[in-house]
Amino acid sequence: MENFIFQNPTKLIFGKGMIAQLAKEVPAGKRVLVTFGGGSVRKNGVYEQVKEALKGFDVVEFWGIESNPKIETLREAIKLGKEQKVDFLLAVGGGSVIDGTKLIAAGILYDGDAWELVLQGGCKHALPLAAVLTIPATGSEMNNGAVISCKATEEKFPFYSNNPVFSILDPTVTFTLPKWQVACGIADTFVHVMEQYMTTPGQSRLMDRWAEGIIHSLIEIAPDIIENQHDYDRMADFMLCATMGLNHFIGMGVCEDWATHMIGHELTALHGLTHGATLAIVMPGLWRTLKAEKMAKLVQFGERIWGITEGDDNARADLAIEKTEAFFRSLGLPTRLGEAGIGEETILEIERRFNARKVAFGENQNVTGAVARQILENCK
Ligand code: NZQ
Ligand code: ZN
């Protein structure tokens, strides 16, 4: 096990009716910038609940943070926040609204253009923020990450700031999610766990079993929640799986991969494909490409998750990859580039970008431009 320091400062407030807790949790005397996405919260009653809970608070609203939040939109919110001298932020929405709000919270305290912060990958200061989560997927409600896009340059980069001070998770608000978003949220959660698991074996028995526990739960509930988003207990499990998948609990003392994510971000940046859908395409291809170095863990995963106990290691790893791809397909997601209308030109562009940036990802830092290209060739 590697040395580590673990601290997760987010207070998690979970359950039916808990949005009302905002009245207690938002610090008194603050001027609050409340941020929203495209309007789903107006249709499912979340907006009304937030408004009710914040009666008597000094509130400024900002609407229109889109999926894969764009710097072009966030600049407007930063301008508003500066003008209005806000000193607390509340994100009401999915990962995109929360991520965007993390950048707004930093941008308000920054004199330059906030895209500079994204390119630096982090910031020195940020205003405190909190969240009301409406879609289980990213874990942004309990981590310090954000992923910000630029429309003009078709780029998408991670940025790190502060965790939300608190996040409210009411599973009933997920009842209105479209099937596609549920499927993408399951895939995102699955892959977050794998980015922290499918690496070197034997680093931590406990982390392995926590990770496998999340995956078992997801596989068990997936068929039900794809069919029916109205089962409270199932959606509650899904919501907690997603949060636990990326709040760094399962990453203590183990190395991490994240190459699937970095390639997936490029597919979103260039084609607008939903985040979770990019991962369902890239991860099986990455495993096919890096099978030899991930072999021991693929075999463990195959046995413990898919019950594969026969054949040599190579055959077991192949079957584990096949079963994982079949799981993504069972959610209704594409698992090949062609199905998403993505061709060779994009593969070459991603290779070019990784080479130009001189980056290499993965637990062994060997996913260079050339390896990313091989991976994408294996996603055709
Ligand atoms: O914008 P509105 O109208 O609210 O609609 C949203 C959006 O269209 C809709 N939606 C959300 N909650 C709903 C709902 N519709 C009906 N009922 C509800 N309860 O769903 C759509 C997708 O929302 P979005 O916030 O984009 O989804 P998600 O939470 O998957 O966030 C994706 C973004 O997060 C980043 C991704 O790259 C992507 O930009 N990620 C952030 C991470 C982090 N901060 O740690 C890690 C992840 O790996 C990921 O990269
Ligand atoms: Zn993700």
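Where is Lys-85 found? I began my notebook with that one, and I found Lys-85 in the loop between α4 (71-83) and β4 (88-93).

**Entry 1: the model and its overall form**

I am working with a predicted model, so I keep that in mind throughout. I counted 15 helices and eight strands in the protein. I then looked up the extent of the C-alpha trace, which spans about 65 × 45 × 40 Å along its principal axes. The radius of gyration came next: the protein has 20 Å, and this agrees with the value near 21 Å that a compact globule of 380 residues would have. Of the 380 residues, 58% are buried. I also checked the contacts with a separation of 6 or more, and 78% of them join residues 24 or more positions apart.

**Entry 2: two lysines with positive phi**

Back to my opening residue. Lys-85 is not a glycine, yet it has a positive phi of about 50 degrees. Is Lys-85 buried or exposed? I noted it as exposed, because its relative accessibility is 65% and the cut-off for exposed is over 50%.

I went on to Lys-358, where phi is also positive, near 55 degrees, in a residue other than glycine. Lys-358 lies in the loop between α14 (344-357) and α15 (369-377). I read a relative accessibility of 75% for Lys-358, so it counts as exposed.

**Entry 3: a glutamate in α8**

Glu-212 caught my eye next, and I placed it in helix α8 (residues 205-227). Why does Glu-212 count as buried? I found a relative accessible area of 5% for Glu-212, and buried means under 20%, so the label holds. Leaving out residues up to four places away in sequence, I listed its contacts as Tyr-197, Gln-300, Arg-304 and Ile-305.

**Entry 4: the cavity**

Rolling a probe the size of a water molecule over the atoms shows where empty space is left. How many cavities of 30 Å³ or more does the structure hold? I found one, and I wrote down a volume of about 60 Å³ for the largest cavity. Two elements, α7 (179-197) and α8, each give two or more residues to its lining. The largest share, three residues, comes from α8. Among the residues lining the largest cavity I noted Gln-196, Tyr-197, Met-207, Asp-208, Ala-211 and Lys-297. Tyr-197 was familiar to me by then, as one of the residues that Glu-212 touches. By class, I sorted the lining of the largest cavity into five nonpolar, five polar and two charged residues.

**Entry 5: the second largest pocket**

I turned to the second largest pocket and noted about 200 Å³ of space in it. It is lined by 18 residues, and those closest to its centre are Ile-5, Phe-6, Gln-7, His-248 and Gly-251. Which classes make up the lining of the second largest pocket? I recorded six nonpolar, ten polar and two charged residues.

**Entry 6: the annotated stretch**

Last, I checked the UniProt record. Its unreviewed entry places the feature "domain: Alcohol dehydrogenase iron-type/glycerol dehydrogenase GldA" at residues 9-171. Over residues 9-171 I found the chain to be 30% helix and 26% strand. The end C-alpha atoms of residues 9-171 are 22 Å apart. My starting residue, Lys-85, has a number inside that range, and its loop precedes β4 (88-93).

Key. Residues are numbered from 1 along each chain as its sequence is written. Chains are lettered from A and ligands numbered from 1 in the order in which they are written. This is a predicted model: local features need pLDDT of at least 70, side-chain atom pairs count only at pLDDT 80 or more; totals for chains, interfaces and linings use all residues. Side-chain values use heavy atoms; hydrogens and water are left out. On a 1 Å grid over the protein atoms alone, a cavity is a set of points where a 1.4 Å probe fits but cannot get out, and a pocket is an open set with protein on both sides within 12 Å along at least five of seven lines; lining residues have an atom within 4 Å of a point. Grid points are joined across faces, edges and corners, and a volume is the space filled by probe spheres set on the points. Ala, Val, Leu, Ile, Met, Phe, Trp, Tyr, Cys and Pro count as nonpolar, Asp, Glu, Lys and Arg as charged, and the others, Gly among them, as polar. UniProt positions are given in the numbering used here, feature names are shortened, and annotations may be inferred rather than shown by experiment. Helices (H or I, at least four residues) and strands (E, at least two) are DSSP runs, numbered from the N terminus. Buried means under 20% relative accessible area, exposed over 50%, partly exposed in between (1.4 Å probe, protein chains only). Contact means heavy atoms within 4.5 Å. The radius of gyration is taken over C-alpha atoms; the globule rule is 2.2 Å times the number of residues to the power 0.38.
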